[in-house]
Amino acid sequence: MSNRAVAEELHIGETTVKFHVRNILKKLDVSSRGQAAALARDAGLTPPRQP
């Protein structure tokens, strides 16, 4: 989801979303949401993909 979509879904500001996403990426030592998703997948934290 885009930052704007997340902000709308959670009823918070887009800047707040950007702040938290940036902190999460930093703590995971990755540079993109895709890399963070891959880490979650590799750790077994995501459900299997549906065909």
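**Exercise 1. Decide whether L28 is buried, partly exposed or exposed, and find the surface feature to which L28 contributes.**

L28 has a relative accessible area of 39%, so this residue counts as partly exposed, given that buried means under 20% and exposed means over 50%. The model is a predicted one, and within this model L28 is found in helix 2. As a next step, look at the nonpolar side chains at the surface: L28 joins I24 and L39 in making a nonpolar surface patch of about 250 Å².

**Exercise 2. State how confident the predictor is in the protein chain, and name the elements with the lowest and the highest mean pLDDT.**

Begin with the chain as a whole, which averages a pLDDT of 95, with 100% of the residues scoring at least 70. Then go through the elements of the chain: helix 3 has the lowest mean pLDDT, at 95, while helix 2 has the highest, at 98.

**Exercise 3. Work out which residues of helix 1 are buried, why they can be said to line one face of the helix, and what they pack against.**

First, pick out the buried residues of helix 1, which are N3, V6 and A7. Seen down the axis of helix 1, these buried residues fall within an arc of 100°, and therefore they line one face of the helix. A general rule helps here: an α-helix has 3.6 residues a turn, so residues three or four places apart point the same way.

Second, turn to the face of helix 1 that points away from the buried side, where the exposed residues R4, E8 and E9 are carried. Third, ask what lies against the buried residues of helix 1: they pack against helix 2 and against helix 3, which spans residues 33–42.

**Exercise 4. Describe the surroundings of N3, beginning with its accessibility.**

N3 is found in helix 1, and its relative accessibility is 19%, so N3 counts as buried, the cut-off for buried being under 20%. Next come the contacts: when residues up to four places away in sequence are not counted, N3 touches E14, V17, K18, V21 and R33. As a last step, consider a separation along the chain and in space, for N3 and I24 are 21 residues apart along the chain, and their C-alpha atoms are separated by 14 Å.

**Exercise 5. Find how many salt bridges the model contains, and describe each pair.**

The count comes to 2 salt bridges. In one of them E14 pairs with R4, and the closest N and O atoms are 3.6 Å apart. This pair links distant parts of the chain, since E14 is in helix 2 (residues 14–28) and R4 is in helix 1 (residues 3–10), 10 residues apart. E14 has a relative accessibility of 29% and so counts as partly exposed, whereas R4, with a relative accessible area of 52%, is exposed.

The other salt bridge is formed by D42 with R41, where the closest N and O atoms are 3.1 Å apart. Both of these residues, D42 and R41, are exposed.

**Exercise 6. Locate H11 and D29, give the phi of each, and decide whether each is buried or exposed.**

Take H11 to start with: this residue comes just after helix 1, in the loop between helix 1 and helix 2. The phi of H11 is near 60°, which is a positive value in a residue other than glycine. With 74% relative accessibility, H11 counts as exposed.

Now take D29, whose place is in the loop between helix 2 and helix 3. D29 is not a glycine, yet it has a positive phi of about 60°. At 71% relative accessibility, D29 counts as exposed.

**Exercise 7. Determine whether V30 is buried or exposed, and list its contacts beyond its neighbours in sequence.**

V30 lies in the loop between helix 2 and helix 3, and a relative accessible area of 17% places V30 among the buried residues. If the neighbours within four places in sequence are left aside, V30 is in contact with L25, Q35, A36 and L39. To finish, set V30 beside L10, a residue 20 places away along the chain: the C-alpha atoms of V30 and L10 are separated by 24 Å.

Technical notes. Residues numbered from 1 in each chain as written. Predicted model: local features only at pLDDT ≥ 70, side-chain atom pairs only at ≥ 80, totals over all residues. Heavy atoms only, no water. Salt bridge = Lys/Arg side-chain N within 4 Å of Asp/Glu carboxyl O. Helix = DSSP H or I, 4+ residues; strand = E, 2+ residues; numbered from the N terminus. Buried < 20%, exposed > 50% of the residue type's maximum accessible area, 1.4 Å probe, protein only. Patch = residues over 30% accessible without salt bridge, like charges linked within 9 Å, V, L, I, M, F, W, Y side chains within 5 Å. Areas by Shrake-Rupley, 256 points an atom, 1.4 Å probe, with all protein chains shown as cover. Arc of directions from axis to C-beta. Contact = heavy atoms within 4.5 Å. pLDDT = per-residue confidence, 0-100.
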